[in-house]
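Biologist: Please put the model up, and then I will go through it with questions.

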Amino acid sequence: VIELGTPERSVITTCAYCGVGCSFKAELNGDQLVRMVPYKHGKANRGHSCVKGRFAYGYAQHKDRILKPMIRETIDQPWREVEWAEAMAFAAARLKGIQEKYGRKSVGVITSSRCTNEETYLVQKLTRAVFGNNNTDTCARVCHSPTGYGLGKTYGTSAGTQDFDSVEAADVVVVIGANPTDGHPVFASRLKKRLRQGAKLIVVDPRRTDIVRSAHIEAAYHLPLKPGTNVAVVTAMAHVIVTEGLFDEDFIRTRCDWDEFQFYVDFVSDPRHAPENVELLTGVPAADLRAAARLYATGGNGAIYYGLGVTEHSQGSTTVIGIANLAMLTGNIGRPGVGVNPLRGQNNVQGSCDMGSFPHELPGYRHVKMPDVRAIYEAAWNCEIDPEPGLRIPNMLDAAVEGTFKGLYCQGEDILQSDPDTKHVAAGLAAMECVIVHDLFLNETANYAHVFLPGSTFLEKDGTFTNAERRINRVRKVMAPRNGYEDWEVTQLLANAMGANWHYTHPRQIMEEIAATTPSFAGVTYEVLEEKGSVQWPCNATVPDGTPLMHVDGFVSGKGHFMVTEYVATDERTGPRFPLLLTTGRILAHYNVGAQTRRTENVAWHPEDVLEINPHDAEFRGIKDGDWVRLASRAGETTLRAVLTDRVAAGVVYTTFHHPSTQANVVTTDFSDWATNCPEFKVTAVQVSPSNGP
Ligand code: SF4
């Protein structure tokens, strides 16, 4: 903590890291930020925080911040600092020239879940109303897009069903493919408290994460499945529940489509889904899987929390559907202590999806093909909206390599470091004629940029973030933007340089427009947020105080929909050349690609990415703890240090992607979820061998 005397004033704002959305009191002396104190009235955190959020704000003042716009004709030239007006004129001329030459669909936008709701709304509006296409996507593409698909199909909306308070009423908690201790620490504390009170824990994860066994906590069951077999495991759990008659027939008859349920029963009852028959495939002992399914179905209130270990697979959407099936089967929906809860990685993953930053959806998860929905925005924006869905991030890169996609505005996202198959990302960027990077630092993607627009930190802007429990929290400006403009203003400058006539003067006006056009946000205003502190959507005339629990009396879709979940093996296979399976994740000290946390004291706790390898696999290869190793896949190779640990089973290795020097995503492949193109970060066939270092 930097102590610079007694604070003169304070501003309540929201952490810009993970999806818990902790409230903080930023204390200042004059314009100097003295410290960040967890806010005791914050509804998501109740006065708690983690070390990442509390101490990792120093990047705002870091010397690496770029504060002036920069342009260059070609990416082999040096950057030239210019005034904002020149940068905008340069960017707009390039984009317009590209559209004249290659068509209006040759440009697009990638936005970040770090951005506020208001910024995200403006970026998709820029794409639709100014660029004239739907080529707008968000980094949620590479994390929770399968949640949008799976929960949308089964329950009718892409949202976690519970608030965080709900965990206090859970009797059985299933954590699937999530590591809340590192990824969502404040929620993890609340979960652990409930576990210490006696709630039972089931963990489904290839790694023995901290939550499996820590102080006073021992999971009832840890199902250490082989990476890529989630669908087989959740379907086997459903098999046990159905064939042993443990399902909640009353709930299903009243709340779900009965015909679909009958069809599902026929599918899931097949003996091929029995735990004993998938044991070899999944690596999970059948007795444990059967017992875990019984516990979830009969142990009282059952709550499921899941993360990117579910979604970042070729069958990510199928697993989300399988999880939704489990909750409907057991009637674990619509009351405290139950539900299906995606743990969102970044601060505003939920909000970026809510705000229509997907190429097929307008704000509020309404398809662009719906004429009545398009009409709402065409009237509000005075434009015509393309009824055809646009390109997803991987499609943009493919189209760039093929020569049909030429211009990109990339806001708050370092796709060269964060997205899979780095070589392919680089080839796509290199083929474009205009790449605009809007960010705090010269990131890896900026190596391929023609325009760099300086971004503002969360401390320098007003707006809102929506956390993993659909809670809309205010972000309040603590200090003036060092770069001169808040990010929503930069997007407005670009829109107007392209010919628009936007004249927002404060993000509250953007929220008013969101509320006027999006039914689930109809009751959300800055005045309401000031009065209540925060509010959970849906918030409108029917539910003016917001909605802590979803699907209480009925699903958003009316009836809940059971869907079959057939396991299909990933195309990524191990073999003699690549015999191990790599899975990737995050660590407490760092936030995503580390652009912010590497520029704080956090870096001292985790100065490099390492490779976790089981001692048996290491010994077989002559690798000792701390040795340099070469990690190679079909996509590429990198070098990093080995850590020998039985946290990973034999046959599995694990690393993080917080440091650009490691370039972990050079190794990951371009396989992706069948429904959403979410990359399969969690399954890569690799070889590990001794190395002399980078
Ligand atoms: Fe809270 Fe997450 Fe920020 Fe930590 S990183 S303070 S848990 S919002």
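Modeller: A term first: a residue is buried if 20 or more other C-beta atoms lie within 10 Å of its own, and exposed if 12 or fewer do. Note also that this is a predicted model.

Biologist: With that cut-off, how many residues of helix α19 are buried?
Modeller: Helix α19 spans residues 487-497 and is mostly covered. Its buried residues include Trp-488, Val-490, Leu-493 and Leu-494, and also Asp-487 and Glu-489. The count of buried residues is 10 of 11.

Biologist: Which elements cover the buried residues of α19?
Modeller: The cover includes strands β17 (407-411), β18 (434-439) and β19 (451-454). Helices also take part in it, among them α2 (84-102), α3 (117-131) and α20 (507-517).

Biologist: What is the phi of Gly-499?
Modeller: Gly-499 comes just after α19. Its phi is positive, at about 115°.

Biologist: Which domains does the assignment give?
Modeller: Domain 2 is made of two segments, 70-141 and 348-536. Domain 3 covers 145-342. The full assignment is domain 1 (9-61), domain 2 (70-141 + 348-536), domain 3 (145-342) and domain 4 (580-690).

Biologist: How many residues of domain 3 are in contact with domain 2?
Modeller: The centres of the two domains, taken over C-alpha atoms, are separated by 34 Å. Domain 2 puts 8 residues into the contact, and by class these are 4 nonpolar, 1 polar and 3 charged. On the side of domain 3, the number in contact is 11.

Biologist: Which residues come nearest to the ligand?
Modeller: The shell around the ligand draws at least three residues from each of domain 1 and domain 3. By class it has 8 nonpolar, 5 polar and 1 charged residues. Of the 14 residues around the ligand, those that come nearest are Cys-15, Cys-18, Cys-22, Cys-50 and Gly-53.

Biologist: Which helices each supply at least two residues of that shell?
Modeller: One of them is α1, at residues 51-55. The other is at residues 185-196, namely α6.

Biologist: What is the handedness of the crossing of α7 and α11?
Modeller: Helix α7 (residues 230-243) packs on helix α11 (residues 286-298) with the axes 9 Å apart. The angle between them is about 65°. The crossing is right-handed.

Biologist: How many residues of that contact are charged?
Modeller: From α7 come Val-233, Ala-236, Met-237, Val-240 and Ile-241. They meet residues of α11 that include Leu-289, Arg-290, Ala-293, Arg-294 and Tyr-296. The contact divides into 10 nonpolar residues, no polar ones, and charged residues numbering 2.

Biologist: Asn-382 and Arg-470 both have a positive phi; is Arg-470 buried or exposed?
Modeller: Asn-382, with phi near 55°, lies in the loop between α15 (371-381) and α16 (393-402). Asn-382 is exposed, because 10 other C-beta atoms lie within 10 Å. Arg-470 has a phi near 65° and lies in the loop between β20 (463-466) and β21 (471-475). With 25 other C-beta atoms within 10 Å, Arg-470 is buried.

Biologist: Why does Ser-357 count as buried?
Modeller: Ser-357 lies in the loop between α14 (349-354) and β15 (361-362). Beyond residues up to four places away in sequence, it touches Thr-111, Thr-120, Val-123, Gln-124, Thr-136, Asp-137, Thr-138 and Ser-352. Ser-357 counts as buried because its C-beta neighbours inside 10 Å number 29.

Biologist: Which residues is Gly-58 in contact with, leaving aside its neighbours within four places in sequence?
Modeller: Gly-58 sits in the loop between α1 and β4 (70-71). It is partly exposed, with 15 other C-beta atoms within 10 Å. Its contacts are Thr-600 and Glu-601.

Biologist: Is Gly-30 buried or exposed?
Modeller: Gly-30 lies in the loop between β2 (23-29) and β3 (32-38). Within 10 Å there are 9 other C-beta atoms, so Gly-30 is exposed.

Biologist: Where is the cis peptide bond that has an omega of about 0°?
Modeller: The proline of this bond is found in the loop between β22 (534-536) and β23 (580-585). The two residues that the bond joins are Trp-537 and Pro-538.

Methods. Residues are numbered from 1 along each chain as its sequence is written. This is a predicted model: local features need pLDDT of at least 70, side-chain atom pairs count only at pLDDT 80 or more; totals for chains, interfaces and linings use all residues. Axes are lines fitted to C-alpha atoms, for helices over the stretch in contact, and angles run from 0 to 180 degrees between N-to-C directions. Helices (H or I, at least four residues) and strands (E, at least two) are DSSP runs, numbered from the N terminus. A crossing is left-handed if the near helix is turned anticlockwise from the far one by less than a right angle, and right-handed if clockwise. Two residues are in contact if their C-beta atoms, placed from the backbone, lie within 7 Å. Ala, Val, Leu, Ile, Met, Phe, Trp, Tyr, Cys and Pro count as nonpolar, Asp, Glu, Lys and Arg as charged, and the others, Gly among them, as polar. A residue is near a molecule or strand if its C-beta atom, placed from the backbone, lies within 6 Å of it. Domain bounds come from an automatic or database domain assignment.
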